[in-house]
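Dear colleague,

Please find below the structure that I am handing over to you. My notes on what was found in it follow directly after.

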2 protein chains.
Amino acid sequence: MSDRSTRRLASLQEALTSGGTLHLREAAELCGVSEMTIRRDLTTHPSPISLLGGRLVMASYPGVTPVYDLTEQEANHYQVKHRLCQHVARFIEEGDTLFIDCGSTLIPLLSQLIHFRELTVVTYALNVANAVAGLANVRLVLLGGLFYASSQSFGSDDMGAAIERLGINKALISAAGVDCERGVSCFHFHEVAPKQAAIATAMQRILVVDASKFGVVRPAYFASLSDFDRVVTDDEQAASREGIAVSTVI
Amino acid sequence: MSDRSTRRLASLQEALTSGGTLHLREAAELCGVSEMTIRRDLTTHPSPISLLGGRLVMASYPGVTPVYDLTEQEANHYQVKHRLCQHVARFIEEGDTLFIDCGSTLIPLLSQLIHFRELTVVTYALNVANAVAGLANVRLVLLGGLFYASSQSFGSDDMGAAIERLGINKALISAAGVDCERGVSCFHFHEVAPKQAAIATAMQRILVVDASKFGVVRPAYFASLSDFDRVVTDDEQAASREGIAVSTVI
DNA sequence: GCATTAATGTTAAAATTATAACATTCGGTG
DNA sequence: CACCGAATGTTATAATTTTAACATTAATGC
């Protein structure tokens, strides 16, 4: 019943995967149907394509998902991370070489980097790289390898060694779980090597986590709390209740 | 005179670098001015932010720049590349490990890859990686290093060695200049090592160039025409006029 | 302080996009 | 072939976005 509809969506998706946008009018022409049909295709069947002010865009591309018009909860989370990153930004100094961990926590930090004259960012995450690629004042070093979609990051055997060859100043590490006794953990095992290498080689190690991660343990352990010079969080009380020492007043 | 305007644009840009979109209304609130002022800021001063159906987006982000509503000339170029890539797609087989070169020539190819069950793509270009990252059926290997904005690609000392360790089936190489006598060349020197390594290690080497590159020589020489097993182009006549043997009928 | 100019706000009109309702076409079936 | 229903087209209407014109406020120099 949706055979043709599906085929249309597929061809549109094909036209869009290369990146870019397609006007509704042009999409209709391309498929040889009316604009209304394209609209209906889009609303009837789930698709990675979204309609934004008369234009079709791939929703999965970075830079397209809305930031402020999220659900209340998501917006809150974003606010928290944004504030968190503003505090982190205070520790950054002109000329630093920063290791930036994967995940969404540190993304809002990247926009703050425009305020510096010159920085270097080392990362193994695609979303971090994309955000940094647009900053003319920041040198970007991406550690490549096999791509893991779940964390939008890369993994490779010699990543640890590659990191240790770099002169990393400050390591900004995120985590999915922080427990006083069981240490700091994340979801994916391929993240362990780069995180540990960054912790091992950096002159300063900063753990950046929001309070929701306290008392949580995730499958991949990668460090103990004492491995970090600072813990930056949004809720100190919650941290101290968990027995986590936060070295920084925010 | 544009002091405040500039500051507003900067703060908006900051809100957007993390990726995402911002509704005009919200942008106005954020800056404490009217929507009209934001509109004017955007039209008066050049900025990487663009307004798309009432939403602010970073124009530099992939997936935002329009594909089909380009100027006539650009659209033509896109069409050419698209057709070119459809021909290239015929040489791809299920299970292949493809080396995909940087530049814009091969981008339209990536959308065709959905039609295969399983592939592996090896690249050193950020735009290629972004287009491939969304394809669930394609394993992505990104060769990292220092980022070069001019070609949206990465360079490193051991990239050549890294490429030769991989079992690359087919190398799809693009170029900025192809000359019968002076060989195949590109703009940037950091592209030479990965291109040469891919040519050296791949089982099949395919040069993909549109006719506008014939008879052109660019600063960085990287291969002679005889290094390729096939040359895929959109204008055979032009090729043979230049004395370039095109092994493929398209 | 007043005049002048730039910056911003407000409003109305035009253009575009979204939604809904109804008309038409197309593919199959008895 | 007449009938049915799904798919698509058409049209009108509502909502939104864009543009332009004019009003207001803020900033600056004299």
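Two strands are taken to pair if DSSP finds at least two bridges between them. By that criterion, β10(B) and strand β11 (residues 183-186) of chain B are paired in the antiparallel sense, over 3 bridges. Please bear in mind that this is a predicted model.

The smaller topic first: the sheet that contains this pair. It is an open sheet of 3 strands in chain B, in the order β10-β11-β13, and its pairing is antiparallel. Its edge strands are β10 (177-179) and β13 (220-223) of chain B, each of which pairs on one side only. On average, neighbouring strands of this sheet are turned by 30° against each other, direction ignored. Within the pair described above, B:Gly177 has B:Ser185 in β11(B) as its bridge partner.

A second open sheet draws on both chains. It has 8 strands, in the order β8(A)-β7(A)-β6(B)-β5(B)-β4(B)-β9(B)-β12(B)-β14(B), and its pairing is mixed. The edges are formed by β8 (153-155) of chain A and β14 (230-232) of chain B, each pairing on one side only. Here, too, the average turn between neighbouring strands is 30°, direction ignored.

Several pairings in this sheet can be followed strand by strand. Strand β4 (residues 97-100) of chain B runs parallel to strand β5 (residues 119-123) of chain B, with 4 bridges between them; B:Ile100 has its bridge partner in β5(B), namely B:Thr123. β4(B) is also joined to β9(B), in parallel, by 3 bridges, and B:Phe99 is matched there with B:Ala171. From β9(B), 5 bridges lead on to β12(B), again in a parallel arrangement, with B:Gln204 in β12(B) as the bridge partner of B:Lys170.

How many residues of β9(B) are buried? The count is 5 of the 5, so the strand is largely enclosed by the rest of the structure. In a regular strand the side chains alternate between the two faces of the sheet. In β9(B) both faces are covered: B:Lys170, B:Leu172 and B:Ser174 are buried on one side, and B:Ala171 and B:Ile173 on the other.

Two helices of chain B lie across strands of this sheet. Helix α8 (residues 192-201) of chain B lies across β4, β9 (170-174) and β12 (204-208) of chain B, and runs at about 145° to β9(B). Helix α6 (residues 126-133) of chain B lies across strands from both chains, namely β7 (145-148) of chain A and β4, β5 and β6 (138-142) of chain B; its direction is at about 155° to β6(B).

In chain A, helix α6 (residues 126-133) is mostly covered, with 8 of its 8 residues buried. Among them are A:Leu126, A:Val128 and A:Val132, as well as A:Asn127 and A:Asn130.

Returning to the edge of the sheet of 8 strands, B:Val231 is located in strand β14 of chain B. Is B:Val231 buried or exposed? It has 22 other C-beta atoms within 10 Å and is therefore buried, the cut-off being 20 or more. B:Val231 and B:Leu119 are 112 residues apart in sequence, and their C-alpha atoms are 22 Å apart in space.

Finally, chain A is divided into domain 1 (3-58) and domain 2 (72-241). The centres of these two domains of chain A, taken over C-alpha atoms, are separated by 37 Å.

Yours sincerely

Terms used: Residues numbered from 1 in each chain as written. Chains lettered and ligands numbered in written order. Predicted model: local features only at pLDDT ≥ 70, side-chain atom pairs only at ≥ 80, totals over all residues. Axes fitted to C-alpha atoms, helices over the stretch in contact; angles between N-to-C directions. Contact = placed C-beta atoms within 7 Å. Buried ≥ 20, exposed ≤ 12 C-beta atoms within 10 Å, placed from the backbone. Domains from an automatic or database assignment.
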